[in-house]
Every structure is written in structure tokens, then in C-alpha cells.
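I opened this model to look up a few spots and jot down what came back. Here are my entries, in the order I made them.

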Amino acid sequence: MSFKNKMQFERGELITESDLKSFFNCKYSYFLRKNLGTSKAPVSAFASMALFFQQERKKIFQMIRDKTLRDPERMDMNELNENFPFRDAYAWSGWLQGRWNHAIKGEKFHGREIRWAFNGQGYRSGQNLKDAVVNYWSFVLENGAPILGTINLPMSVYFEGIPLKVKFPEIRRGGIIDDPNPWGFRTDFDRKDGTIDESAFVTFRILALCEILRNGMKEDNYFLFEKLGIDDDVINDLETMIISPKIKYRHYNAKKDILLETSRDDSHLEKLRGKFESFFEGKLKRDYPVNHGHCGSCQYNVLGNDGKAICPSIKKGTRLLVPEVYFKKRKFRININKSEGEIYLLGKVREDEFVDREIAEYSLSYVIGSEIVAQSSYDCSLRGMGYEEKMIERGYRELKFIAEVQSKVLKHEVDFKDFDFAGKKKIKKKLLDLGYDEIDKDTFLLSYDPLPF
Ligand code: SF4
């Protein structure tokens, strides 16, 4: 099927940046995106933070606009400084940290539950945001304010018959697309691919701006050119080229104060067309294989409201993002059921007054003869968060108690494979501390004599 026919096939469907990103990171995530949607799913703290940073940037320029009734993008450094609504950037950062703490209070962001990567991430992300806005304000004083209406501006455009939806993070006068972020550049379709100079995603955004400007030229409408401060050289370019090399794209890592800059020309289009080509091919085949290389940074790598990972095909052992309560020791409890020859431990996290989530099981069985011989099996839906060590210690204490009551030697063999993907280094240390011996890489053995003398 020709490329044109594929376009026909998909006609009418608007292709978004997020569609392309999820498709090239993991085709299965694209499938989930189209079938599950994302509006109700819990959201990662990283995504919430990026959105918050973007909203606060927009807010500050809106405040300047409301105060002066003038467009901030037309102000010079002194005017911006004079009309800045705070004493200085540090005052802004303190205010913003308070707003962030308020925004994440109740573990929700814009009505969606937040999922965290580590304990204390809420506080750390607040500090990161503070650093980011202080640097960002210096960047603004040096480079001018973005054009107010362009912060996170979504626009639709056709390219060679393909309807595309693009979002510009910021546009500055002169036709500079700026992407300020609280972290480094990872803006390609495939997050593990490409620097800013190679990224087809950057080509995509520059191309979209060029197409929007060209449409204005076709209609003899130069309002946007004036608004964006586009100079005549770009107009000349767009008469003969698809992409004007004078349109700049910059990524600003606001946390580290690192600015990267690039531009594109028509030679970069081939790679982008190749991306569209594989996107349509994959969609035609309805072929959405998983790419486990991206599970760690995937939006579906979060604990859903049912206590399971949102993605059912997530790579085993991927550290899930979880509600903050999962990091609190006192919220983890172990229930014990005992019967003859069996001890069953059930690890639960108390999410709130209504929900006790069962997340770990440790079954121990033993036979009492001349000595006590025990075996065990372990399973946990949230591996590597430290629950393993607690369960092992509790199981050990229960078995030891039986050995003491019976006054018999206890032998307990642990199948270490049960703890795959659970941070085996720490678990090994725990087993050794408790007196287990490492027999081979998959086996630990406890020999406990309650009456050693
Ligand atoms: S969690 Fe992994 S397998 Fe699932 S959609 Fe994301 S990247 Fe793909």
C-alpha cells in the first residue's frame, strides 16, 4: 500500500504528539492510550510537576499582562523586571513551592491521583521546581518573555495530507520555539533516541510552525508573522523551502540552567517521513508489540486504583510508581494465619480507612521429625520496596519460635528465585544477618539449633 493510500486510510484522524511518542516508545502503550485513555488514570509525579511548571509560567506572564495591560513579549529586560509581580525570583519560587504543596495535598493533581517514585518525592520536587523558576526568570530576562498565548499552545496543521496536532511549549519573537523544562532534553519520539540535533520530534514541531506560517502566506494573512516577530528572510525561505533554517528550537533545562539550540532544513524531512511511514504501517497491521525497554518511564507504569499496574504487560520487576502511603512503614502490616505445619503471612498496605491492599504473601510449611524441616514460597505484587525484608524476618521469627517450643533443630531452605526483581542485594543481606547461609546462587539455608550446648 502506498504512503498516499495509507493517508487515505487514516484520513480524518488527527495525529497528536502524544500518539507518536507513545507509538515509538512502546507500541503497546499506544494501544493502551487509544483503548484506556488517560484522563482518569493516576498520574506520575513527574508529569504533574511538568504540567505545574508550565501552568505557573503562564500565570506569571498573565499577571504581568493584567498589571500593565501590555504584552510581556514586547517588554525589555527592565520593564519585565519592574513589572514582575514578586520582589524577586526567590520570592516567586517560595510562593510557587507553597502552591505546589497545596496542589499535591490530598495526593491528587487536577483530580487525578498522584503516583510517586520514591519517598519524599513531593518535597524534593518542590525544591526542584523552586530552582527551576529562579533560573527560568533569569532566562526570561535575557531572552524576553514568550508570546503570551503560545505557552503550551495546541495547533492543528496538515503536512502532505496528514492531519497533525502539535503543542508548542513557548514561542518567542523571531520565531523561536522554546521548550523550558525542569529536566534535560528527552524530547524525541523515542525517548532513548536522539539528541536535540537529531530528534525527529524537534523537526516535527519546527515543520508545524513553518506550515502554519505558510498557510498564513497563502491566505495573505500576515497577522501571525507580526505577532511572532517573524522577519522577511523566513518568508523568503518559505516560498522555496518546506522548512526555514532560520526557525530556531531551544531546549532549556531550567533546573541546571542549560540551554541547547538547534534548527532544521529540508534534509531532515526524510527521517520524519520515515517516522510517519512506520506509524501508519504499524496501525494498518494493528500490530502493537510491547517494548519493555521503556517500562521504567512509561505513563502506565503506575499503580492503578485496583492495586495493580495499569499496564498488564509491564516488564516483571519494574519499580511501579505508587501512592505515598506505600512508603510509610507503619502503614504496612503483616497478618498471620497458622495451622498445623503451615504458616501463612499476608502483607497489607493500609491505603486509607476503607482500603487495605494485600500485596505480599509468604507461605511457610514445615514437617516436624527428628528435626524441623521448613520450606517457603514468596510472592509480591510490588517488589523491591522493602516489604520482602519485613516478611522474611517475620517468617524467620515464627519458625524460630516453633523450633524453640519443640527444642529441635530447624532447617529452612529459601528459594532465592522467589525474590527475583525485588532488590536481591538487600534481601541477601537480610538473610545473612538472620543467620541463613548461601548454599548456591538460588538457595539459602538456615540451620538453627535452639539448644546449641
Ligand atoms: S509499561 Fe512497558 S509494556 Fe506496558 S505500555 Fe508501558 S512500556 Fe509498554
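**Entry: Asp237.** I looked up Asp237 and found it partly exposed, because 19 other C-beta atoms lie within 10 Å. The cut-offs I used: 20 or more other C-beta atoms within 10 Å of a residue's own make it buried, 12 or fewer make it exposed, and anything in between is partly exposed, with C-beta atoms placed from the backbone. I am working with a predicted model, where local features need pLDDT of at least 70 and side-chain atom pairs count only at pLDDT 80 or more, while totals for chains, interfaces and linings use all residues. Residues are numbered from 1 along each chain as its sequence is written.

Asp237 sits in helix H10 (residues 232–240). Helices (H or I, at least four residues) and strands (E, at least two) are DSSP runs, numbered from the N terminus. Leaving out residues up to four places away in sequence, Asp237 touches Ser244 and Lys246; contact here is C-beta atoms, placed from the backbone, within 7 Å. I also checked Asp237 against Cys210: they are 27 residues apart along the chain, and their C-alpha atoms are separated by 9.8 Å.

**Entry: Asn335.** I went next to strand E11 (residues 332–339), which holds Asn335. Asn335 is exposed, because it has 11 other C-beta atoms within 10 Å. It touches Leu346 and Lys348, again not counting residues up to four places away in sequence. Asp420 is 85 residues from Asn335 along the chain, with 23 Å between the C-alpha atoms.

**Entry: H6 against H7.** How do helix H6 and helix H7 pack? I found an angle of about 145° between H6 (residues 89–104) and H7 (residues 121–143), with the axes 9 Å apart. The axes are lines fitted to C-alpha atoms, for helices over the stretch in contact, and angles run from 0 to 180 degrees between N-to-C directions. H6 passes H7 in a right-handed crossing, meaning the near helix is turned clockwise from the far one by less than a right angle (anticlockwise would be left-handed).

On the H6 side the contact includes Trp92, Leu96 and Trp100, and on the H7 side it includes Leu129, Val133 and Trp137. By class I got ten nonpolar, five polar and one charged in this contact. The classes are Ala, Val, Leu, Ile, Met, Phe, Trp, Tyr, Cys and Pro as nonpolar, Asp, Glu, Lys and Arg as charged, and the others, Gly among them, as polar.

Trp95 is in H6 too. I have it as partly exposed, because it has 15 C-beta neighbours inside 10 Å. From Trp95 to Met391 I got 43 Å, C-alpha to C-alpha, at a sequence separation of 296 residues.

**Entry: the ligand shell.** Which residues come nearest to the ligand? Of the 16 around it, they are Cys26, Ser29, Cys295, Cys298 and Cys311; being near means a C-beta atom, placed from the backbone, within 6 Å. The shell divides into nine nonpolar, six polar and one charged.

**Entry: sheets.** I found an open sheet of three strands in the order E1-E6-E5, with mixed pairing. Two strands pair if DSSP finds at least two bridges between them. Strand E1 (15–16) and strand E5 (153–159) are at the edges with a single partner strand each, so one side of each has no neighbour in the sheet. E5 and strand E6 (residues 162–168) run antiparallel and are joined by seven bridges, and Met155 has Val166 in E6 as its bridge partner. H8 packs on this sheet, touching E5 and E6, and its direction makes about 80° with that of E5.

Another open sheet has three strands in the order E2-E4-E3, also with mixed pairing. E2 pairs with strand E4 (residues 112–115) in the parallel sense over two bridges, and Val43 stands opposite Ile114 in E4.

I then looked at strand E15 (residues 410–415), where Leu410, His412 and Val414 point to one face and are buried, while Lys411, Glu413 and Asp415 point to the other and are not. Strand E14 (residues 372–380) runs parallel to E15, joined by four bridges.

**Entry: positive phi.** Most residues other than glycine have a negative phi. Leu69 has a positive phi of about 60° and is not a glycine. It lies in the loop between helix H4 (45–68) and helix H5 (77–83), and it counts as exposed because it has 6 C-beta neighbours inside 10 Å.

Terms used
Two residues are in contact if their C-beta atoms, placed from the backbone, lie within 7 Å.
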